[in-house]
Amino acid sequence: MFEDKWFPVARADELVLRHVFHTQLHGVELALWRTDKGEVNAWENRCPHRGMRLTLGINTGKSLKCQYHGWQFHSGDGQCSVIPSVPDGSMPHSACAKNFSVAEKNGFVWVNLARDYLSEPSTLTHAFALPSSVLRSITVNAPLSLVQAQLLNFCQYDRHADKQTFQAQHDGLMVHVCWQEYMLQTIDVLFMLQPAHTEKTVIHAMCNQSDDELKWTRRINQALTSLKLEMEADREIREEEPVIAPQPVQALPRWLPARVVERKEIAEQVASFRLHLPSFNRFKGIEAGAHIDVRTSQGLVRQFSLVEWDTKAQELLIGVKLESESRGGSAALYNEVKEDSVLEISAPKNHFRLVPGKGGTLIAGGIGVAPIVAMASQLEHEKLPYHLHYFVRNIYSRAFVDQLNKLDSVSFYQAMQPDQVAGQLKTILAKVSPEQPNVYICGPKGLLDTALRVIQENGWSHIQVRHELFSNRITHQDEHTFKVTLAKSGQSYIIPSGVSITDALREYGVQIETSCEQGVCGTCYTKVLSGKINHKDVYLSEEEKQSGDCMMPCVSRSASGDLVLDI
Amino acid sequence: MKIESVVLDQWYPVATENMPVAGKVYHTRLLGQPIAYGLDENAAFYAIQRDTQERLPVLMQHYTYWVSLGNPPDMFAIPELQDSGRRVLATVPVCVQASGLRVVENFLDMAHFPFVHDGTLGEMPHTAVKPYRVEIENDEIYVRDSEFYQPMPAFSHEGGMNIAYIYRVCRPFSALLYKTCPLQPEKKDLVCLFVQPCDEDRCIVHMPMAYLDDSASLEELRLFRQSIIGQDIAILNNQVPRKLPLLSGFEISTGADASSVAYRHWLSEKGVCYGTFQNP
């Protein structure tokens with residue numbers, strides 16, 4: 001829908017500390033903001049929850065917080081990291097601010113609406129050389145073509161500009177004017193035009209007189225103001241509706257080739273893989289808890305947390321545990337992938353994140369220590385309070401000991417029976433205070449379930465648990481496992497206990513579109529041809545549930561036997 | 001434009017009982033049409049379509065003056081307004097630069113209380129929204145078992161308490177809220193939200209209320225409610241798009257948004273188009 005082109009949308013100095021700058025391009029409202037580290041973000045000015053303008057939100061230094069419901073979106077990919085109304089940390093994967101490619105160059109911020117944030121601004125070229133002094137920007141309520149035509153007569157608005165030597169030329173988006181001034185060399189002024197909307201244009205002015213910027217700013221400002229007033233005098237200024245932008249083209253393909261630089265046995269049946277990923281340095285805002293998808297040779301998709309990474313060296317470290325009841329994914333990786341193999345991986349995703357600015361109690365079980373050790377590392381680096389509690393079967397199954405030994409606050413628990421684990425978790429969770437209520441858990445489902453049960457039994461409602469649960473870490477319990485057959489392809493898939501139909505199918509490469517992933521919104525509505533359904537959603541009406549011919553596969557399951565879906 | 005029957009054939013508010021002054025002619029807009037209304041010399045309410053000078057059907061009920069541009073069904077009943085123990089009042093009418101459907105949806109939402117109405121209807125860190133029940137009865141939406149911790153639930157109540165909310169959406173542009181009365185917790189105060197859709201993306205909100213609270217003055221009750229609406233306007237005027245998107249997936253919902261999802265689904269089933277956003 002939008003041309004693949006870069007436009008100036010703001011002077012770089014307008015993105016001040018903790019500010020959210022409002023601008024518009026082709027009718028699309030943009031929220032521009034800078035993190036404390038200097039990363040620039042250009043997002044659609046619309047919270048994906050209920051459309052509230054993000055420019056009225058708060059720039060926390062690493063994320064944007066929407067004023068309506070307090071949702072927070074992290075710098076870079078715009079993924080939502082906090083939804084206050086749902087404290088257990090479950091996050092629909094679709095909760096993400098729409099991000100556009102953005103670049104900071106020559107004192108300006110440039111945006112390309114056709115591409116997403118991972119694009120490289122290699123296509124940024126200029127018709128004219130850019131003068132060094134960035135002066136000011138002014139908005140004119142008129143179409144770009146008229147503004148451009150008027151700027152070619154700039155000498156009419158600046159009474160000191162020498163008309164004899166005045167020259168003007170344009171290339172569409174830029175108007176270059178120059179003239180000789182008494183006792184000075186040639187004055188070069190460049191006007192860059194930003195088509196904010198069909199009847200609104202922003203003029204960004206620059207000139208080559210860097211010695212007295214204030215004087216030239218005032219002078220150009222005066223001339224442009226006269227131009228603006230004259231152009232707007234006869235026009236009826238209509239308010240134009242903002243345009244909703246379509247999703248920009250993703251710069252990187254779904255699967256990227258990563259080479260295995262090193263494979264090491266680091267614990268009993270656990271191997272670490274150090275991967276080299278070219279273009280890794282383009283990812284902004286990867287935080288502790290991030291994971292990648294890995295696609296095996298058989299086409300199975302598994303998630304692995306990043307234990308460590310180095311964007312400069314373009315390397316990342318993951319751990320693979322050979323699961324005894326593996327459905328093939330971990331076995332393929334553990335047994336077949338060697339050094340110099342090339343793996344297909346996805347871009348890192350940040351669905352499991354630390355709450356900004358606060359410490360935490362970290363609990364890990366088995367290979368679940370992978371994202372947890374990354375989180376502990378980050379908290380220690382930020383000097384926030386934390387303690388890492390690591391539950392393992394025996395001391396030989398401890399993974400990533402090298403990384404753990406670098407941390408100050410770690411406790412190990414080994415060879416505990418389930419009731420001992422429950423008791424230990426109770427001791428740990430009893431110490432969680434309302435001031436530091438965040439608890440992060442990653443490990444087998446039994447560990448998470450026990451922790452949640454302990455919290456509920458003791459009425460500790462101040463504790464905010466965030467957890468990461470990859471389906472490949474769940475043990476199967478045959479009485480709750482069932483099969484789903486897709487009518488169109490005839491293929492059948494096992495849906496294990498504790499894994500939603502949509503999550504399990506996604507692992508096999510079958511995508512059903514989801515949004516809330518809580519049975520509320522209706523996006524994943526799927527027709528059912530046969531099988532008895534256990535409805536767990538709140539979206540379908542009673543009649544629809546009784547009819548048995550449709551379901552919400554993001555939460556609902558089979559009541560007994562297998563299901564045949566009409567997809 | 002041709003407006004669908006489910007929207008056209010309805011009663012819409014133009015004023016509350018305390019507003020019009022006898023003999024004065026008032027101008028307003030309803031569903032894109034210019035309207036004039038007032039109280040004639042016998043204090044009877046009338047309304048006319050200004051372009052055609054046609055007399056329009058009018059109704060006085062629920063402390064409000066209603067007008068219709070079509071053939072409306074019977075007005076919905078509100079037994080609580082007949083209760084003589086209650087004080088009935090209304091805020092001033094408030095203009096909102098958004099579709100009336102967005103206003104109703106905001107009215108049903110509780111998750112924004114600790115952010116938009118911090119210190120009164122909600123407070124940090126009590127942001128979690130407990131699961132609640134949404135049911136359809138007599139073609140109206142009822143939201144029950146909705147509870148929220150409020151530091152200042154009413155003007156006269158010091159100290160926070162858990163307040164139970166029951167919402168009832170009677171018509172696409174009319175909804176009611178029954179909330180626990182802090183002074184008589186077994187009874188409910190009533191707040192009405194009657195939206196007058198002026199255009200698809202602009203509306204006027206009329207809010208009659210029936211309170212059991214007799215410790216605060218009428219003026220204090222009115223000002224409290226108006227400050228709440230004032231905070232909501234700051235949000236409502238800044239939602240993009242102004243019209244309500246009905247397509248699921250265009251905006252993301254979570255568990256706390258069950259009432260909003262049910263409202264959108266209900267509007268969709270009824271065939272409501274006026275005030276909705278159609279994704280190009």
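Trainee: How do helices α2 and α4 of chain B sit against each other?
Mentor: The axes of α2 (residues 100-108) and α4 (residues 218-236) of chain B come within 11 Å and cross at roughly 125°. Axes here are lines fitted to C-alpha atoms, for helices over the stretch in contact, and angles run from 0 to 180 degrees between N-to-C directions. Keep in mind that this is a predicted model, where local features need pLDDT of at least 70, side-chain atom pairs count only at pLDDT 80 or more, and totals for chains, interfaces and linings use all residues. Residues are numbered from 1 along each chain as its sequence is written, while chains are lettered from A and ligands numbered from 1 in the order in which they are written.

Trainee: So what do you call that angle between α2(B) and α4(B)?
Mentor: That angle makes α2(B) oblique to α4(B). Angles under 35 degrees count as roughly parallel, over 145 as roughly antiparallel, 65 to 115 as roughly perpendicular and the rest as oblique.

Trainee: Which residues make the contact?
Mentor: From α2(B) you have B:Arg102, B:Val103 and B:Asn106, and from α4(B) there are B:Asp232, B:Ile235 and B:Leu236. Being in contact means that the C-beta atoms, placed from the backbone, lie within 7 Å.

Trainee: Switching to chain A, how far apart are the axes of α6 and α7?
Mentor: The axes of α6 (residues 418-430) and α7 (residues 445-457) of chain A are 9 Å apart, and the helices pack at an angle of about 55°. So α6(A) is oblique to α7(A). In α6(A), A:Val421, A:Ala422, A:Leu425, A:Lys426 and A:Leu429 meet A:Thr450, A:Ala451, A:Val454 and A:Ile455 of α7(A).

Trainee: And where do helices and strands begin and end?
Mentor: They're DSSP runs, numbered from the N terminus: helices are H or I with at least four residues, strands are E with at least two.

Trainee: Cool, what order do the 5 strands of the open sheet in chain A take?
Mentor: The order is β29-β28-β32-β30-β31, with mixed pairing. Two strands pair if DSSP finds at least two bridges between them.

Trainee: Which strands stand at the edges?
Mentor: β29 (492-495) and β31 (550-551) of chain A do, each with a single partner strand, so one side of each has no neighbour in the sheet.

Trainee: What about β28(A), how does this strand run beside β29(A)?
Mentor: β28 (residues 482-486) runs antiparallel to β29(A), joined by 4 bridges. A:Phe482 stands opposite A:Ile495 in β29(A).

Trainee: And with β32(A)?
Mentor: β28(A) and β32 (residues 557-565) of chain A run parallel, with 3 bridges. There, A:Leu486 stands opposite A:Leu565.

Key: Contact = placed C-beta atoms within 7 Å.
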